Amino acid sequence: MTLATTPPYDGDAPGAVGQRAVVVGGSIAGLIAARVLADAFERVVVVERDPLPSEPVARRNVPQADHVHVLLEAGQRTLEDLFPGLTADVRDAGGLQVDVGRDLAYYDEGGFVTAPDEPPSLLCASRPLLEAVLRRNVAERPSITLRDRHRVTDYRTDDAGRRVTGVAAETHAGEKVELDAELVVDATGRTSRTPDWLDDHGYAPPPVSEVLVDVGYATVTVERPPDDRRGFLVPPSHPRTRGATVVPVENDRWTVTLIGVHGDDPPTNPDEFEAYAADLPVPDIAAVLSDRPWIEAAAHRYPFPANRRRRYEALDRFPDGLVVLGDGVASVNPIYGQGMTVAALQSLHLHHALATGGLDDLAARFFDGVGDLVDTVWRLTVGADFQFPQAEGDRPFGTRLVNPLLSRLIRTAHTDPVVATHLSNVLMLNEPPTTLARPGILRRVFLSR
C-alpha cells in the first residue's frame, strides 16, 4: 500500500456514519485522523494531555519535536487533498518545498544519487510549525473540537465488554470527564496503552515484532542564507555507523541531525559534534556546522532503540468501536522520515474503510489495510537495518536476497536518472517497491558498471 496503490480521497464517500467520534492524542496522526472522521461523524472530539498552543512551539510530551521532520511527497499530496491549501499555508509560514536530487542530495553506497528526471518533492519545516498549521486547519472546522490538558484514563465499554463506547478522562484540574462515542481512535503513538487495556479486558494483545537498531541522534539548528535551499541525507551504511540529515526549515535555518547506530552515538558538545560530522564521507555537513552560527549552545539528543510493530491485523478478536493508528501500530527507524507520511496514508485508509462498510467490522478491515502499508515500510527500512550484523530481531522475509540487489540499484542510481526516479518514488512512498523489479529497471541495473 503506497500512494499509487491507494484509491484517492473522496470527501463525499463516507456519508453519515455516526454522531460522535473521539480521537485520543492531538499530535500529527491524531489531527489527520480527526479531519478524516469529520466526513463521517457529526462531531469529532480530539483529547490531548498537553496544552495545544496556537504558535509553533515544541510540546513537552513530544521529545523528538526538535529533530528533523519532513513530509514526503505521498504525505504532502494526501494532506493537500484533506486540507486544500495546506502546502501553501506551510510555505507562507516559512516552510520550504524542495526537490529530491536537486535541492536534497542523497548520499549512499559511496556516492550521490543523481537528480531524477521527475524529482519528487519534500515539504520541509520544523515539527512544531507543521503541527501548528495542521492544528489551525483542524480547529477551523466547526464539527471538530480540540480538548487539551485532558488525560484519557480508560475506554468505556458496553455491559458485555465487546464494544468501546467512549472514553473516561481527567482534566489538568482533576475534573472527571466522560465522552460517549461510536468510534474511538487511539493516536497516542509509541506509548499507546491499548495493548495493556486489551490484556486487562480479556482480549489478546497484538503480537509485537521488534528489531533492535540502537539509533542515537542529536540535533542543532543553525542559521541558513535565505537563498540556500540545500539539504542532505547521508544514512549510516555498513560498516560506517555514522550518518546525518540536513534540512532547510523556516526562519532561514537548517536543522542538522547527526545519527549513530549500534553504540556510536553523536555527542552534544559543539566541538565534538563538529568533529563527529567531519568524519562523514561528505564535507558539506561539517561545513554547514562550522561556517554558520548555531541557534542553540548544544545539541539535543534523542534515542531510538528499536523498530516496533504491533500486528493488530493478526488478532482474531478485537472490540468494536476502537482502532489504533500512527506509531501505535508501527514506529520505524526515523532516519528516512516516513512517520508523518505513514500516518497520513493510514488515515486515508480509515477514510476508505468507513466509506465502504461504515462501522461494521471496521477494526478488522482497517487493520488489514494498514498491515499492507506497514509491510511496505517495514521491508524498506527494517530490511535496510539488517545490513548491520548487530541488528537483532525479526528479519523481514527475503532481506538477504533483496539487500544486495538494493545496494547495486542505489549504485546504478548514482548516474542513471531513470533508476534514480523510481528509487526516489519508492523512498517517498509514492510507488511500491515492486516497481524496482520491473524488467526495464533490472536490465539497467545489471547492465550498468
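Thr412 has its place in helix 10, which covers residues 399–413. This is a predicted model, and all values here are computed from it. Is Thr412 buried or exposed? Its relative accessibility is 4%, and because buried means under 20%, Thr412 counts as buried. Setting aside residues up to four places away in sequence, Thr412 touches Val419, Arg444, Val445 and Ser448.

A second threonine makes a nice companion to this one. Thr435 sits in the loop that runs between helix 11 (417–427) and helix 12 (439–447). With a relative accessibility of 4%, Thr435 counts as buried. Once its neighbours within four places in sequence are left out, Thr435 is in contact with Val426 and Ile441. Thr435 and Asn425 are 10 residues apart in sequence, and their C-alpha atoms are 9.4 Å apart in space.

Each threonine side chain also has a backbone oxygen as a partner, as set out here.

| Threonine | Relative accessibility | Backbone oxygen partner | Distance |
|---|---|---|---|
| Thr412 | 4% | Arg408 | 2.9 Å |
| Thr435 | 4% | Pro432 | 2.9 Å |

Helix 10 comes up again when we turn to the pockets. The second largest pocket has a volume of about 450 Å³. Its lining is made up of 18 residues, and those nearest the centre are Arg379, Leu380, Val402, Pro433 and Thr434. Which helix gives the most to this lining? That is helix 10, with six residues. Helix 9 (362–385) and helix 10 each supply at least two residues of the lining. By type, the lining of the second largest pocket holds 11 nonpolar residues, six polar and one charged.

Now to the nonpolar cores. In soluble globular proteins, nonpolar side chains tend to be buried together. The largest nonpolar core in this model has 71 residues, and the members that touch the most others are Val22, Leu37, Val184, Val185 and Leu350. Helix 1 (residues 28–37) gives the most to this core, contributing eight residues. What does Leu37 touch beyond its neighbours within four places in sequence? Leu37 is in contact with Ala21, Val23 and Val44, with Leu183 and Val185, and with Leu350 and Leu354. A second core, separate from this one, has 47 residues, including Leu96, Tyr106, Phe386 and Leu409.

Conventions
Residues are numbered from 1 along each chain as its sequence is written. This is a predicted model: local features need pLDDT of at least 70, side-chain atom pairs count only at pLDDT 80 or more; totals for chains, interfaces and linings use all residues. Side-chain values use heavy atoms; hydrogens and water are left out. A nonpolar core is a set of buried Ala, Val, Leu, Ile, Met, Phe, Trp, Tyr and Cys residues joined through side-chain atoms within 4.5 Å. Buried means under 20% relative accessible area, exposed over 50%, partly exposed in between (1.4 Å probe, protein chains only). Helices (H or I, at least four residues) and strands (E, at least two) are DSSP runs, numbered from the N terminus. Contact means heavy atoms within 4.5 Å. A polar contact is a pair of N or O atoms within 3.5 Å; within protein, one must be able to donate a hydrogen and the other to accept it, and residues adjacent in sequence count only if both atoms are side-chain atoms. On a 1 Å grid over the protein atoms alone, a cavity is a set of points where a 1.4 Å probe fits but cannot get out, and a pocket is an open set with protein on both sides within 12 Å along at least five of seven lines; lining residues have an atom within 4 Å of a point. Grid points are joined across faces, edges and corners, and a volume is the space filled by probe spheres set on the points. Ala, Val, Leu, Ile, Met, Phe, Trp, Tyr, Cys and Pro count as nonpolar, Asp, Glu, Lys and Arg as charged, and the others, Gly among them, as polar.
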